[in-house]
Amino acid sequence: MGRYAAIDIGTVTCRLFIADVDEGGLHELVRRSSIVNLGEGVDATGVLKPQAMERVRACVAQYQEIIESCSSPECPIALTAVATSASRDAENADEFARILAGEGVQLSVIPGTREAALSFMGASCDFVGERLLVVDSGGGSTEVIAGVGGEDPLVAHSFDIGCRRVTERLLAGDPPTEEELQAARELCQRNFQPFFDRLADRGFVPERMVAVAGTATSVVSVHEAMDPYDSSRVHGYCVSRDVLQRETRRLADMTLEQRRMVTGLQPDRAPVIVAGMEILGQVLDCSGLGSFTVSESDILQGIIMAASSGRM
């Protein structure tokens with residue numbers, strides 16, 4: 001019971017979630033998201049750029065002000081801050097942690113398996129009892145987790161495949177060429193298919209794919225031309241494979257500057273959105289399912305659920 005805050009620092013975004021926790025569950029107070037591109041160039045260099053770390057530091061400083069405004073002596077806030085793929089890959093992650101310590105934030109760089117478990121915890125809470133495939137596709141990695149909603153995951157894997165990583169490696173064209181897009185699909189399929197083969201060998205057949213994070217929510221906001229973004233419409237939205245394919249094709253045919261102007265798409269996400277949508281498409285194809293459900297509950301809710309129960 002109490003008030004909790006979670007900061008999730010990914011390869012592309014830095015996000016804040018504050019909630020009260022009681023017997024009835026989580027009650028959202030604040031949600032913020034900023035595109036900071038911490039993982040810019042990490043796949044090629046193995047280090048976090050000074051300007052990228054500074055962008056995150058400035059963002060976290062703003063989040064600390066929000067946390068302080070929601071805290072009081074009678075209702076202190078317990079903060080948990082985690083970093084994922086870009087920080088896992090970076091040789092200078094310790095330096096990054098020291099920078100954030102200067103803002104009063106103790107950073108935990110969590111392994112992919114822990115990221116997957118926390119994502120499943122947050123995303124599965126709305127689908128208790130269903131056989132789920134939870135997919136958390138980020139900038140540097142994609143976590144795929146199978147299990148029954150409300151229970152511990154059955155199996156999980158963190159793939160070093162994310163929208164920024166794939167973009168920097170394979171999608172050099174503006175717009176990307178069909179050959180580049182096909183290379184991206186083949187990379188994803190080659191990596192994802194063995195996971196699903198092993199899942200089938202275990203007799204696990206998912207009923208639903210739940211997709212979390214910015215690529216999945218962007219598919220909905222672009223398809224619905226949302227301005228402004230409406231999380232209440234996004235949460236629980238079912239995206240068919242046909243819709244995903246049409247929107248991926250539409251954005252892939254545009255130049256970067258044209259994508260920046262698309263209603264419903266954050267301009268700073270335009271450079272990596274095509275790769276992100278191709279990744280989701282390949283996971284969906286490998287799963288054998290024809291659609292996915294978008295969830296606004298993800299690792300942030302998982303962090304708070306774990307922290308409030310002493311399991312973080």
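Helix H8 (residues 214–223) is mostly covered in this predicted model. Of its 10 residues, 9 are buried. They are Gly-214, Thr-215, Ala-216, Thr-217, Ser-218, Val-219, Val-220, Ser-221 and Val-222. Just after H8, Ala-225 takes a positive phi of about 50°.

Thr-215 is found in this helix. It has a relative accessible area of 2%, under the 20% cut-off, so Thr-215 counts as buried. What does Thr-215 touch, leaving aside its neighbours within four places in sequence? Its contacts are Ser-137, Cys-163, Arg-269, Ile-273, Gly-276, Met-277 and Leu-280.

**The largest pocket**

H8 also faces open space: it gives the most to the lining of the largest pocket, with 4 residues. That pocket holds about 780 Å³ of space. Its lining counts 40 residues. Nearest the centre lie Arg-15, Ser-33, Gly-214, Thr-217 and Arg-269. Two of these names, Gly-214 and Thr-217, also appear among the buried residues of H8. Arg-269 appears among the contacts of Thr-215.

Which elements each supply at least two residues of this lining? They are strand S2 (13–22), strand S3 (25–35), strand S6 (131–137), H8 and helix H13 (299–308). By class, the pocket lining has 9 nonpolar, 20 polar and 11 charged residues.

**The cavity**

Rolling a probe the size of a water molecule over the atoms shows where empty space is left. A search of the whole structure finds 1 cavity of 30 Å³ or more. The largest cavity has a volume of about 80 Å³. Its lining is made by Thr-11, Gly-39, Val-42, Asp-43, Ser-85, Ala-86, Asp-89, Gly-140, Arg-164, Arg-165 and Glu-168. Helix H1 (42–45), helix H3 (85–89) and helix H6 (163–170) are the elements that give two or more residues to this lining. The lining residues divide into 2 nonpolar, 4 polar and 5 charged.

The two spaces are set out here.

| Space | Volume | Nonpolar lining residues | Polar lining residues | Charged lining residues |
|---|---|---|---|---|
| Largest pocket | about 780 Å³ | 9 | 20 | 11 |
| Largest cavity | about 80 Å³ | 2 | 4 | 5 |

**Nonpolar cores**

In soluble globular proteins, nonpolar side chains tend to be buried together. Here the largest nonpolar core has 51 residues. Those with the most contacts inside it are Leu-133, Phe-192, Phe-196, Met-209, Val-239, Leu-280 and Phe-292. Helix H12 (residues 273–287) provides the largest share of this core, 9 residues.

Met-209 shows how distant parts of the chain meet. Leaving aside its neighbours within four places in sequence, Met-209 is in contact with Leu-133, Val-135, Leu-280, Val-283, Leu-284, Leu-289, Ser-291, Phe-292 and Thr-293. Leu-280 is also a contact of Thr-215 in H8.

Another core, of 29 residues, lies apart from the largest one. Among its members are Val-36, Val-42, Cys-59 and Ile-77. Val-42 also lines the largest cavity.

**Aromatic pairs**

A pair of aromatic rings is described by the distance of the centres and the angle of the planes. The structure holds 3 aromatic pairs. In one of them, the rings of Phe-159 and Phe-195 have centres 6.1 Å apart and planes at 80°, so the pair is edge-to-face. Phe-159 lies in strand S8 (residues 155–159) and Phe-195 in helix H7 (residues 178–201), so this pair ties together parts that are 36 residues apart in sequence. Both Phe-159 and Phe-195 are buried.

Phe-195 also pairs with Phe-196. Their ring centres are 5.3 Å apart and their planes lie at 85°, so this pair is edge-to-face too. Phe-195 has a relative accessible area of 3%. For Phe-196 the value is 7%, and Phe-196 is buried. Ring pairs link Phe-159, Phe-192, Phe-195 and Phe-196 into a cluster. Phe-192 and Phe-196 recur among the residues with the most contacts inside the largest core.

**A loop before H12**

Where does Pro-271 lie? It sits in the loop between helix H11 (256–260) and H12. Is Pro-271 buried or partly exposed? At 28% relative accessibility, Pro-271 counts as partly exposed. Leaving aside its neighbours within four places in sequence, Pro-271 is in contact with Thr-167, Leu-256, Arg-259 and Arg-260. Pro-271 and Ser-240 are 31 residues apart in sequence. In space, C-alpha to C-alpha, Pro-271 and Ser-240 are 24 Å apart.

Technical notes: Residues are numbered from 1 along each chain as its sequence is written. This is a predicted model: local features need pLDDT of at least 70, side-chain atom pairs count only at pLDDT 80 or more; totals for chains, interfaces and linings use all residues. Side-chain values use heavy atoms; hydrogens and water are left out. Rings of Phe, Tyr and Trp (its six-membered ring) pair if their centres lie within 6.5 Å; planes under 30 degrees apart count as stacked, over 60 as edge-to-face and the rest as tilted. Buried means under 20% relative accessible area, exposed over 50%, partly exposed in between (1.4 Å probe, protein chains only). On a 1 Å grid over the protein atoms alone, a cavity is a set of points where a 1.4 Å probe fits but cannot get out, and a pocket is an open set with protein on both sides within 12 Å along at least five of seven lines; lining residues have an atom within 4 Å of a point. Grid points are joined across faces, edges and corners, and a volume is the space filled by probe spheres set on the points. Ala, Val, Leu, Ile, Met, Phe, Trp, Tyr, Cys and Pro count as nonpolar, Asp, Glu, Lys and Arg as charged, and the others, Gly among them, as polar. A nonpolar core is a set of buried Ala, Val, Leu, Ile, Met, Phe, Trp, Tyr and Cys residues joined through side-chain atoms within 4.5 Å. Contact means heavy atoms within 4.5 Å.
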